[in-house]
Structures are given as C-alpha cells and as structure tokens.
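Hello,

Here is the structure I said I would pass on. Please open it first, then read my notes below.

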Amino acid sequence: MWWDRRGPIFWELLEQGKTVKSGVYCEQLDRVRRALRNRRIPVIFLDDNAKPHRSRQTRQKVEDLGWEPLDHAPYSPDMAPSDFYLFRSLEHWLRGKKFKTIEEMRESLEEFFDSKDRDWYRRGLTRLEEQWQKVIENNGEYFDY
C-alpha cells in the first residue's frame, strides 16, 4: 500500500505464497512510479525498516526513480504512517469479516480505501510529525502510542 495526502496511490495483493523480497519490492516501486506519472510533485519516500525496504537494491531503485528517501527512525519499527494510522483503521474494518474469494477481499479493501476522504489521509501524514516528536522526546527509544 502506497498513499499520500490525497489517498491511495497504488496497492496490490500478493499471490498466495509469494514473499516480498527486494526484487518484488522494486517491481512494486515501478508500478507506484507509473501510478504517479501524471503528478508533477517531488516524491519524498518513507517506508519502514523491513529488510526488502532497506536493501541495497531497493535504495538504488529509489535513487534511480529520483525520489528523496526519508530516513525511518531506527528503533521504531512502527513509525510509518501506514502502521500507526492506516493499517490500524483497516484492522478494525476487517475485524470479523470472512472472505470466500480473493475478489471479495479486494472489493472490501477498495470499499475501505474509498470510504476515507482526502482529509483522513492528510491527517495520517500530519500525525507523522507528532509521532516523530515522541521519538525525539524518548531519545529514539521505543514507546507505545
């Protein structure tokens, strides 16, 4: 899932049994770039500290795409807005739901993403500054929020 202040940019469900490794992640970044092709704004790119996101191959891909990487707080694995904002809300949305097909799941995810207005996505990124301030106040140590 990639999103900005306007809402979703690109998301996909992986095939069953497929793992996100650096190569897969870089392919996804190419699809994100294609989704962004009509936007003429600089990309400041933040992701979490997962190994595929930190690999040499991925760092090179982000540089090749001309995106400015935004360093992630090193000891705070859940400091990406997707973790503390978007996925938490999505978890509540999915709670108790059962899907018979991948298509049902995809439709539910689309419904969730569409149910959020532009202000909701903007607030999620605004909260990033608040979360980072907590990291600073805790000298980079982990904290619950």
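**Gln28 and its helix**

Gln28 counts as buried, because its relative accessibility is 5%. Please keep in mind that this is a predicted model. Gln28 lies in helix H1, which covers residues 22-36.

Which residues does Gln28 touch, leaving aside those up to four places away in sequence? They are Trp2, Phe10, Glu12, Leu14 and Val20.

Gln28 has buried company in H1. Ser22, Val24, Tyr25, Cys26, Leu29, Asp30, Val32 and Leu36 are also buried there. What do the buried residues of H1 pack against? Two of the partners are strand S1 (2-4) and strand S2 (7-10). Strand S3 (44-45) is another, and so are helix H2 (51-54) and helix H3 (56-64).

The length of H1 also checks out. H1 has 15 residues, and at 1.5 Å a residue they should span 21 Å. The end C-alpha atoms of H1 are 21 Å apart, which agrees.

**The chain as a whole**

The protein chain has 6 helices and 4 strands. Along the sequence, the pattern reads β-β-α-β-α-α-β-α-α-α. The chain has 145 residues, and 36% of them are buried. Its accessible surface comes to about 9,800 Å². Carbon and sulfur atoms hold 47% of that surface.

Now for the contacts. Take those in the chain with a separation of 6 or more. Of these, 67% join residues 24 or more positions apart.

One long-range pair is Glu110 and Pro8. These two are 102 residues apart along the chain, yet their C-alpha atoms are separated by 9.8 Å. Glu110 is in helix H5, residues 102-115. Glu110 counts as partly exposed, at 37% relative accessibility.

**Salt bridges**

Side chains of opposite charge can pair when their charged atoms come close. How many salt bridges does the count come to? The count is 9.

Start with Arg39 and Asp4. Their side chains meet in a salt bridge at 2.3 Å, N to O. Arg39 lies in the loop between H1 and S3, and Asp4 lies in strand S1, so the pair ties together parts that are 35 residues apart in sequence. Are the two partners buried or partly exposed? Arg39 is partly exposed, with a relative accessible area of 22%. Asp4 is buried, at 14%.

Next, look at H5 again. Arg106 and Glu103 form a salt bridge there, at 3.3 Å, N to O. Arg106 and Glu103 are 3 residues apart in helix H5, so about one helical turn separates them. An α-helix has 3.6 residues a turn, so residues three or four places apart point the same way. Arg106 is partly exposed at 26% relative accessibility. Glu103 is partly exposed too, at 38%.

Helix H6, residues 118-137, holds a pair with that spacing as well: Arg122 and Asp119 are 3 residues apart, about one helical turn. Their side chains meet in a salt bridge at 3.5 Å, N to O. Arg122 counts as partly exposed at 34% relative accessibility. Asp119 also counts as partly exposed, at 39%.

There is a network as well. Salt bridges link Asp30, Arg33 and Lys61. Asp30 is one of the buried residues of H1.

**Aromatic residues**

A pair of aromatic rings is described by the distance of the centres and the angle of the planes. The structure holds 11 aromatic pairs. One of them is Trp120 with Tyr121, an edge-to-face pair. Their centres are 5.0 Å apart, and the planes stand at 90 degrees. Trp120 is buried, because its relative accessibility of 11% is under 20%. Tyr121 is buried as well, with a relative accessible area of 1%.

Which aromatic cluster do these two belong to? It is made of Trp3, Trp11, Tyr85, Trp93, Phe112, Phe113, Trp120 and Tyr121.

Trp93 of this cluster has a charge over its ring. The charged end of Lys97 sits there, 3.7 Å from the ring centre.

Best wishes

Terms used. Residues numbered from 1 in each chain as written. Predicted model: local features only at pLDDT ≥ 70, side-chain atom pairs only at ≥ 80, totals over all residues. Heavy atoms only, no water. Phe/Tyr/Trp six-rings, centres within 6.5 Å; stacked < 30°, edge-to-face > 60°. Buried < 20%, exposed > 50% of the residue type's maximum accessible area, 1.4 Å probe, protein only. Lys NZ or Arg CZ within 6 Å of the ring centre and 35° of its normal. Contact = heavy atoms within 4.5 Å. Expected span 1.5 Å × (residues − 1). Areas by Shrake-Rupley, 256 points an atom, 1.4 Å probe, with all protein chains shown as cover. Salt bridge = Lys/Arg side-chain N within 4 Å of Asp/Glu carboxyl O.
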